[in-house]
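Reader: Please take a close look at one part of this model, and then work outward from there to the rest of the chain. I would like each term to come with its cut-offs.

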Amino acid sequence: RRRVLEASQQLTEIINSCLENETDAESPEPNGEAEPAEEEGESALHCLWVDRFTPRRYIELLSDDYTNRCLLKWLKLWDTVVFGKEKAVKKAKPSAEAHPPFNQPKEQQNKWKTKVQLTEEILEAELDQHKRPKYKVALLCGPPGLGKTTLAHVIAKHAGYNAVEMNASDDRSPEVFKTRIEAATQMKSVLGANEQPNCLIIDEIDGAPAASINVLLNIIHCKDGEGEAAGGAGRRRRREGGLLLRPIICICNDQ
C-alpha cells in the first residue's frame, strides 16, 4: 500500500509539472484565473483525480453536445421568470424573407433542419401562461460515471444559478422531501455579496419512494391552474405564491 501511494504521488507530481509547463507556454490569463490554480496546487496531493480534473466550465464538457445544448436551452427558458429578462428575438426570419426565390414550404424547411434546431423550436413554442417552460423538470438518465451530475452543476453555474443538490434516496420521509424542495425553490441563497437564484438538482430520483415522487408531482402540476380557478383576488395571490418559479433537474440511472 505504501508503494502504491508513493507511485500515485509521483504520477501526480509529473502531471502537475506537465500542466504547469503547458500553462506557462500559453498566454497569461487574468488574475481571476490564477487563484483557483494555486488552490488546486495546494490540495493536489489530497484530491482525487476525478475531482481535480472535473469540468469547471461549459466548454470543458466532453459529454454529448446535443444533450448539453438542449439542457442549457431549457434552463435559459427560465430567464424571463427568474431574472426578468425579455426573450431575445431572433433576426433570422427577416433575412429569409429577403430571398423569395429560396422560400420553400414548411414541410421542406423542417426536413432540412437539424435535430437541435427542431428541439429548440419545440422548447420555445411550449411556454405556459406564467412564461415558464411547459416541462418544469429536466430528467438526466444514464449509467453511473456518464457525467450527469457534473453536467447539471456546470450548466446551472453557466446560466447564473446557485446549484443546490439533494439526494432523493436519503430522505425517505415525504414531509422532509417536500420541505427541502420548497426551501430550495422558494428561498433565496446569498453567497457573499452576489445573490443568485437556486437551481435544484435531485440526484438518485429513481431511489425515491412513490410518496416522495407524488409530492414532487404535486409541486409541479397542481399549482399551475389553481391561480385561475380561485374566485377571489386574495385566494389567487395566496395560491400563486406557491407556483414553482425555479428549475429542477432530476438525475437517475434507471429511467
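Author: Leu11 lies in helix α1; helices here are DSSP runs of H or I with at least four residues, strands are runs of E with at least two, and both are numbered from the N terminus. The model is a predicted one, in which local features need pLDDT of at least 70 and side-chain atom pairs count only at pLDDT 80 or more, while totals for chains, interfaces and linings use all residues. Residues are numbered from 1 along each chain as its sequence is written, and side-chain values use heavy atoms, with hydrogens and water left out.

With a relative accessibility of 46%, Leu11 counts as partly exposed, a class that sits between buried (under 20% relative accessible area) and exposed (over 50%), with a 1.4 Å probe and protein chains only. Leu11 belongs to a nonpolar surface patch together with Ile14, Leu19, Trp49 and Phe53, and the five have about 460 Å² of accessible area together. Such patches take residues with over 30% relative accessible area and no salt bridge, joining nonpolar side chains (Val, Leu, Ile, Met, Phe, Trp, Tyr) within 5 Å and like charges within 9 Å. The areas come from the Shrake-Rupley method with a 1.4 Å probe, and for residues only the protein chains shown count as cover. Helix α1 supplies the largest share of this patch, three residues.

The same helix, α1, also carries a charged pair. Glu6 forms a salt bridge with Arg2, their closest N and O atoms being 3.1 Å apart; the term requires a side-chain nitrogen of Lys or Arg within 4 Å of a carboxyl oxygen of Asp or Glu. Because they stand four residues apart in α1 (residues 2-25), Glu6 and Arg2 are separated by about one helical turn. Glu6 is partly exposed, at 38%, whereas Arg2 reaches 59% and counts as exposed. Side chains of opposite charge can pair when their charged atoms come close.

The structure holds three salt bridges. Another of them joins Arg57 to Glu60, with 3.3 Å between the closest N and O atoms; here Arg57 is partly exposed at 44% relative accessibility, and Glu60 is partly exposed at 30%. In the pair of Lys76 and Asp79, the N to O separation is 3.0 Å, and the two partners fall into separate classes, Lys76 being partly exposed at 36% and Asp79 buried at 8%.

Beyond the charged pairs, there is an open sheet of four strands in the order β1-β6-β5-β2, with parallel pairing, where two strands pair if DSSP finds at least two bridges between them. At its edges lie β1 (137-141) and β2 (162-167), each of which pairs on one side only. Neighbouring strands of this sheet are turned by 20 degrees against each other on average, direction ignored; axes are lines fitted to C-alpha atoms, for helices over the stretch in contact, and angles run from 0 to 180 degrees between N-to-C directions. Between β2 and β5 (residues 198-203), which run parallel, there are six bridges, and Ala163 stands opposite Cys199 in β5.

Helix α4 (residues 65-76) packs on this sheet, touching β1, β5 and β6 (248-252), and its direction makes about 160 degrees with that of β1; contact means heavy atoms within 4.5 Å. Helix α9 (residues 148-158) lies across β1, β2, β5 and β6, running at about 165 degrees to β6. Its buried residues include Leu151, Val154 and Ile155, and the buried residues of α9 pack against α4, β1, β2, β5 and β6.

Two backbone details are worth adding. After α9 comes Gly160, whose phi is positive, near 95 degrees. Glu204, in the loop between β5 and α11 (210-222), has a phi near 55 degrees, a positive value in a residue other than glycine.

Taken as a whole, the protein has 13 helices and six strands, and of its 255 residues 29% count as buried.
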